[in-house]
Amino acid sequence: MTAIAAKSPALRKPRSLKKPGILFPVLIVSLALLAVWYVGAYFLNAQLARDQFARQKKEPTAQELVAATWAMDRPLLPAPHQVAVELWKTTVDQSVTSKRSLVYHSWITLSSTLAGFVSGTLLGILLAIGIVHVSSLDKSLMPWIVASQTIPIVAIAPMIVVVGYNLMNGQMGLSTDLSRFIAKAMISTYLSFFPVTVGLVKGLRSPDPIHLDLMRTYSASRAQTFWKLRLPAAMPYLFTSMQVAIAISLVGAIVGELPTGASAGIGARLLAGSYYGQTVQIWAALLAASILAALLVWMVSLGGRAVVKRMGMAR
Amino acid sequence: MNARGLLQPWLAFIGLFAAVSLPLDSLDPERMLPREGPLAWVVIVAMAAALVAVIRAERSGLAGVLLAIAAALGGWFTLQLLPSVAGHAGPAFWALFLTSWLLAWCLVSVLAAIPRQTGFDGAFLRIVVPLIFGVWLLIIWEVIVLAFKVPFVLIPPPSAIGAKLITSIPILAADFRQTFLKAVIAGYAIGCASGFLVAILIDRVPFLQRGLLPIGNLVSALPIVGIAPIMVMWFGFDWPSKAAVVVVSTFFPMLVNTVTGLAASQPMSRDLMRTYAANYWQTLFKLRLPEAMPFIFNALKINSTLALIAAIVAEFFGTPIVGMGFRISTEVGRMNIDMVWAEIAVAALAGSVFYGVVALIERAATFWHPSFRT
Amino acid sequence: ADPITFQLKWVTQAQFAGYYVAKAKGFYDEEGLDVTIKPGGPDIAPEQVIAGGGADVITTWMPAALASREKGVPLVNIAQPFKKSGLMLTCRKETGISSPADFKGKTLGVWFYGNEYPFLAWMAKLGLKTDGGPDGVTVLKQGFNVDPLIQKQADCISTMTYNEFGQVLDAGIPESELVVFKYEDQGVATLEDGLYVMEEKLKDPAFVEKMAKFVKASEKGWDYARANPDEAAKIVLDNDETGAQTEAHQKFMIGEVNKLTEGSNGVLDEADYKRTVTTLLSAGGETPVITKEPTGAWTHAVTDAAGLK
Amino acid sequence: MSDGEAAHASTKEGTAIDIRGLSLTFETNDGPVQALSNIDLNVQRGEFVSFIGPSGCGKTTLLRVIADLEQPTGGSITVNGVSPEEARLARAYGYVFQAAALYPWRTIAKNVALPLEIMGLSRAEREKRIAENLALVNLAGFEQKFPWQLSGGMQQRASIARALAVEPDLLLMDEPFGALDEIVRDHLNEQLLKLWAQTQKTVVFVTHSIPEAVFLSTKIVVMSPRPGRVTDIIECGFPRDRTLDIRETPEFLEIAARVRHGLRAGHSYED
Amino acid sequence: MSDGEAAHASTKEGTAIDIRGLSLTFETNDGPVQALSNIDLNVQRGEFVSFIGPSGCGKTTLLRVIADLEQPTGGSITVNGVSPEEARLARAYGYVFQAAALYPWRTIAKNVALPLEIMGLSRAEREKRIAENLALVNLAGFEQKFPWQLSGGMQQRASIARALAVEPDLLLMDEPFGALDEIVRDHLNEQLLKLWAQTQKTVVFVTHSIPEAVFLSTKIVVMSPRPGRVTDIIECGFPRDRTLDIRETPEFLEIAARVRHGLRAGHSYED
Ligand SMILES: Nc1ncnc2c1ncn2[C@@H]1O[C@H](COP(=O)(O)OP(=O)(O)OP(=O)(O)O)[C@@H](O)[C@H]1O
Ligand SMILES: Nc1ncnc2c1ncn2[C@@H]1O[C@H](COP(=O)(O)OP(=O)(O)OP(=O)(O)O)[C@@H](O)[C@H]1O
Ligand SMILES: Cc1ncc(C[n+]2csc(CCO)c2C)c(N)n1
Ligand SMILES: [Mg+2]
Ligand SMILES: [Mg+2]
């Protein structure tokens, strides 16, 4: 979708200039962000650092103060290199199966994210199909789907845990890890189906009236109209919604790690980090989550672009 | 109506028969519906009449009215019986319950089949159908919780929640003000606006598009759990830190949708703008933004519920002692689950109204879109 | 082996060392038990878990257990490995607080989620309102950590002797800059970290028998933890699935926890129970923790069967 | 098709379309628009009927009513003896829209295949019909192109091929040749006539070209706007196997003059 | 307008469009399509040039190249003495697309207002031009309707009104009258001629109607497809203030015959 946006009329460039690499801009923007980050770290941490110097009855030079703000144990905002070091320690320095490895925890979260995303997308698609095709569902179900989304998961998560997790783990005899995985995936599903439903309902209703009329003249069945017209026309909506959905799935999986015993996964890392006040560790986990999310979103958008291209609609 | 529409009344007939002929109470085989007094007979007759009417004249107004009466009576009578059979409900009780529900379902199908109308009738229908659905959702909940004696601390029955809701209005109002009116509204506005503006920025400056979009994606899934404590560190305990969490949560859906929406305009429409030598902003405002509106409204709708969730979750991580999230987490710990659900009911109501308002604005702003023309 | 599911109140840490030690050292196995320890977290109410059938036995604080009992979850204390309370309020000296009399108008961080009862009882005893008015104190729902104190967002925060207090010190604030109020010293201590089961189940002698074995093995674990604090910390660390705990902190924690379990062989001291109930009843207010003297909220049947005296 | 055939058989040699006192009013933001008012029309099976009239007089609307794409607000209409809805469900007709209405995500061949897929034809049959009809409209060689890679006229021809591929007994065509040059138009006119003569189709045809209407039709319906109504119905008695030469005959010119007169009457300005 | 005027002044009485050896190849999924091949064409200021040719011969593409909507892959082209891009940025022309391309969220009046808003005209001036041009195309009374509430021909007329409202010196029109009936078409032909004669516009016009081309043009460019090329350029010497009557004159018929001959040559089938 970015490629299309680039062709905005007022700034269409000669062909030769069209495909500069992505690396250079990302690098520049990242450097700019890093600079902002360092400056931010200085200002946010300055007061704490001054307190520390005061405690040691020492008047710091400007240089000492800057150095101190970038090397605090419990900073308000850790400096980028502190986070980088932590990331290095918890990824490269650990075997990937170690409980101290962020890769291990990312994988735990990723697996329930993907499960939740897949089932959430499927559920979202099913609901959207129902809503678009069955008028009684549109009128009666949609308001309640909306209402369901306003129920804070954290509030019902204990129920999911007690009813779902314990049921699976206890009564149904599933293993702890599996039940935990399923409970988290359920929370992911719950959060991620909604964007898909909203987006796809709009998408399925977006074909031109004349294209729908054409189907009517063929007395096409609903299924035929769906497969041959509504779904292709909804593709841009579907993939945009799926980008949102996968991001929300990840949030759901992380949030779901709290009431399921916060034992492993990025969410558990975040929680433990904040519980023990290890700011750097929180930021490392946050960064890991962000990178994971960006990768997932990017993959979905690639998929979307590939589909649009195959449909011959990428001009 | 098709075969499925006809199936329901027949199933209901079987249900009615079962309700009349089987015991109501699994501990007391003598207890039967026909022996429950004249009121029970009124219910039975109303149901039978409605069923006959539906099967004979599927969509007539009379059938609708009879269905409404029978379903209401059946539901009401089920609830009347409930306390006396809690924990040991017999087959006739369940039959009565399911039959009433089937009748209500028939009613919804009949109402939903009425072609879209304008004016008062249309508005009435648009409200009544989800209302029937919702009321039945509550009845089902009440019946299941009470009949199976589900522990109160897991899920309280709606009646208890309603009672709590009414007696706790001042607290609920204060929480609503703190969380919704302050944190959600502010965060939603800032989050949607910044997602939108960054999307425009990315669109305007191709360099940023390649550099900033991948980095913008990094914000896509900043977990609430992670940022909420940090926001409390940065912005304090009160609502601004919650608003900040809402900003982060609503930013990405808006970014992605706006970016896609801006690419959605037809090539010929864009060519038209080129022939006018329209500058970037003119093309943006007169063509690409209108064309992007359906996408932007999708984001606004998704964000309307997301914002509320985010604000409530954020309140789990440090707040003053007011707010919907604070109340929920505290009262769970105190085993006041009815209060928790009262708060959830407020959240659901607020979120639905919020969503509904956005949807209404969408209808007014994108009336031209095919989705509103067919 | 006989399966038992045991729900903790909080995440895996040395606060629960006895149980992890008992499991690791095979004390449960010796009794023929197969114990599954479920870590808790900020979003898990053990009372709710056990009510929903998700656990056979839980560990929680007595105020929360008694409150649940009034709400229709008939929890019964079967053992009390923690003799003393570790809860305290930690304040910065520079705020001018030196005694409870100075609290008026100050901002205090409190843990909620069922952990606020002792605090409410104390404030009631002091006659301070908690609604933020000028005659009372302003209460903040404190998050997971001690940041509010370090960043001066609160004048005092809740800490546990064995955990958060250590973090405050770690953060570079010396004890000399702090004032602490232990609930134990203020006469408002309530019992923490007891073992609770559902009343109904105790009617089954086999269940009592099973719990007796559990309590006995657990006490053995606590004894071992007191004797070998370093090893206990290691065991806890091994059981931490997040991989986020540090050895230093867990060693500090086990040291402090041992001070609290010292003096209990698992048997609930009736006097301690009485004191807890009195404290809670005196709390009063609009939302009292408990409204009447509970009955049947504890039993010695299990500890008796375990042969603990 | 087979359904259409069945519906057909029962009324063979009878009335294809019967319209009585039909009217249709659109509700719009600034008041109602009466698009059709009191239309009476009878089309026999096998006829070739043209609608001609000023822009906006309701030709498209009338065609859409016949196709059950628009609901009349008054009067009655039957198609093949049944309601338009039943006729549509029986796949009794093929429709060529005024705009090409090709699906942008389908190639030209796939666009022509669309109705055939929906009717459940076998792949071999589909391919045969696609090749045949694309050749008929001179689009052989463009099978794999997407619609937006075609010129306007080519798109229109693709949409004609799509409708013809259905091989319906009743063809409803809304200005199918509007974007085509004279030569292609003449060619397609002849092809259409040939098809019509061979297969005994009924054709209802909207056009703006008077010669085209006169050349093709057995009956010309002249319409007039505001409100849309029928002002004249002209029978043309040319033989079924007419050729382009007849356009020079006096009868032809006479009918054309009458149509032109009727058309002019529907316009407000004189020239 | 004012920008256009400036660009104009410098080349007054000179060449409006100069095309030399122009060619354009589209890359498509199944190989390149040569849409234009070695086109040479010179259009003088004040001329009325028609492009005529079989469907798909590249008329639209050529018009789009002139309008800087398509980049040629070979040859050179100037518009008003500058590159097409500069001419476009100077708002030197108005363009009527083959399809109406109205924005569905704008009423008809607002659609016509669109270019005027972009040019920054005052509200009064806008309203004047909207009323004038909608009246010209006989759409007075439809100002408040939305595009989808209009018939095909009405939409096309709205898009003509939109282009005329710009009052450009150079008008590029791609089959503007394709969906209109003979009467409206004759009317608009006359209006267009009047406008052209009065305002000394240069008009480049794509049409499929030979009489229309002959009637309107000072120069007719006959094109042929595969690859798109110019096969004939015919000058017509009718006076600027010609009327519809000239269509009966022998000169007219002669030119028409020549055009038809050229057109036929571009088609593969003989009839
Ligand atoms: N959906 C609609 N809503 C409101 N008015 C409509 C709608 N469709 C058509 N109309 C109006 O109905 C009248 C007839 O339109 P119709 O499309 O039938 O004309 P037509 O004869 O096909 O014209 P043309 O030759 O230009 O295609 C017009 O005045 C038009 O504005
Ligand atoms: N975007 C495109 N991509 C690929 N091929 C194209 C594209 N646009 C046009 N063509 C091809 O270029 C050729 C010329 O098209 P053009 O639209 O110029 O024809 P035209 O003369 O305007 O025809 P018509 O009278 O039917 O409108 C056609 O063969 C067409 O398939
Ligand atoms: C939300 C929240 N609640 C409680 C604690 C503190 N805490 C940790 S362990 C424990 C006792 C449980 O046995 C308590 C009260 C916290 N840090 N965050
Ligand atoms: Mg029409
Ligand atoms: Mg063209």
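How many Å separate a nitrogen atom of ligand 3 from an N or O atom in the side chain of Glu164(C)? The distance is 3.5 Å. The legends below describe this and other sites in a predicted model.

**View 1. Ligand 3 lies between chains A and C.**
Tyr275(A) is one of the residues around ligand 3. From chain C, the surrounding residues include Lys9(C), Trp10(C), Gln13(C) and Gln15(C). Trp61(C), Trp111(C), Asn115(C), Gly143(C), Phe144(C), Glu164(C) and Asp193(C) are also in this group. Two polar contacts involve oxygen atoms of ligand 3: an N or O atom in the side chain of Gln15(C) is 2.2 Å from an oxygen atom of the ligand, and a polar side-chain atom of Trp61(C) is 3.3 Å from an oxygen atom of the ligand. Glu164(C) instead has an N or O atom of its side chain 3.5 Å from a nitrogen atom of ligand 3. On its own, ligand 3 has 440 Å² of accessible area, of which the protein covers 97%.

**View 2. Ligand 1 is surrounded by residues from chains D and E.**
Because both chains contribute residues around ligand 1, the site is shared between chains. The ligand is surrounded by 20 residues, and the closest are Thr60(D), Thr61(D), Gln149(E), Ser151(E) and Gly153(E). Lys59(D) places a polar side-chain atom 2.7 Å from an oxygen atom of ligand 1. From chain E, a polar side-chain atom of Ser151(E) lies 2.6 Å from an oxygen atom of the ligand, while Gly152(E) has a backbone N or O atom 3.5 Å from an oxygen atom of the ligand. Taken alone, ligand 1 exposes 640 Å², and the protein buries 90% of that.

**View 3. Three named elements contribute to the shell around ligand 1.**
Strand 1 (15-28) and helix 2 of chain D each supply at least two residues of this shell, as does helix 6 (152-165) of chain E. By class, the residues of the shell are 6 nonpolar, 12 polar and 2 charged.

**View 4. Ligand 2 lies between chains D and E.**
Of the 20 residues that surround ligand 2, the closest are Gln149(D), Ser151(D), Gly153(D), Thr60(E) and Thr61(E). On the chain D side, a polar side-chain atom of Ser151(D) lies 2.6 Å from an oxygen atom of ligand 2. On the chain E side, a polar backbone atom of Cys57(E) is 3.2 Å from an oxygen atom of the ligand, and an N or O atom in the side chain of Thr61(E) is 2.4 Å from an oxygen atom of the ligand. Ligand 2 has 640 Å² of accessible area on its own, and the protein covers 91% of this.

**View 5. Elements of chains D and E contribute to the shell around ligand 2.**
Helix 6 (152-165) of chain D supplies at least two residues of the shell. Strand 1 (15-28) and helix 2 (59-66) of chain E each supply at least two residues as well. The shell has 6 nonpolar, 12 polar and 2 charged residues.

**View 6. The magnesium ion (ligand 4) is coordinated by two residues of chain D, Thr60(D) and Gln98(D).**
The donor atoms are OG1 of Thr60(D) and OE1 of Gln98(D), at 1.8 to 2.3 Å. Thr60(D) lies in helix 2 (residues 59-66) of chain D, and Gln98(D) in the loop between strand 5 (93-96) and helix 4 (108-119), so the pair ties together parts that are 38 residues apart in sequence. Thr60(D) is partly exposed, with a relative accessible area of 23%. Gln98(D) is partly exposed too, with a relative accessible area of 23%. Thr60(D) also appears among the closest residues to ligand 1.

**View 7. Ser304(B) sits in helix 12 (residues 280-314) of chain B.**
With a relative accessibility of 0%, Ser304(B) counts as buried. The side chain of Ser304(B) reaches the backbone oxygen of Lys301(B) at 2.6 Å. Leaving aside residues up to four places away in sequence, Ser304(B) touches Tyr188(B), Phe354(B), Tyr355(B) and Val358(B).

**View 8. Some pairs of chains touch, and others do not.**
There are 6 pairs of chains that touch, and the most contacts are between chains A and B. Chain B and chain D are joined by no contact, and their closest C-alpha atoms lie 10 Å apart. Chain A and chain E do not touch either, with their nearest C-alpha atoms 9 Å apart.

Key. Residues are numbered from 1 along each chain as its sequence is written. Chains are lettered from A and ligands numbered from 1 in the order in which they are written. This is a predicted model: local features need pLDDT of at least 70, side-chain atom pairs count only at pLDDT 80 or more; totals for chains, interfaces and linings use all residues. Side-chain values use heavy atoms; hydrogens and water are left out. Donors are N, O and S atoms within 2.8 Å of the metal (3.2 Å for Na, K and Ca); water is not among the atoms, so sites may look incomplete. Helices (H or I, at least four residues) and strands (E, at least two) are DSSP runs, numbered from the N terminus. Buried means under 20% relative accessible area, exposed over 50%, partly exposed in between (1.4 Å probe, protein chains only). A residue is near a molecule or strand if one of its heavy atoms lies within 4 Å of it. A polar contact is a pair of N or O atoms within 3.5 Å; within protein, one must be able to donate a hydrogen and the other to accept it, and residues adjacent in sequence count only if both atoms are side-chain atoms. Accessible areas come from the Shrake-Rupley method with a 1.4 Å probe; for residues, only the protein chains shown count as cover. Ala, Val, Leu, Ile, Met, Phe, Trp, Tyr, Cys and Pro count as nonpolar, Asp, Glu, Lys and Arg as charged, and the others, Gly among them, as polar. Contact means heavy atoms within 4.5 Å.
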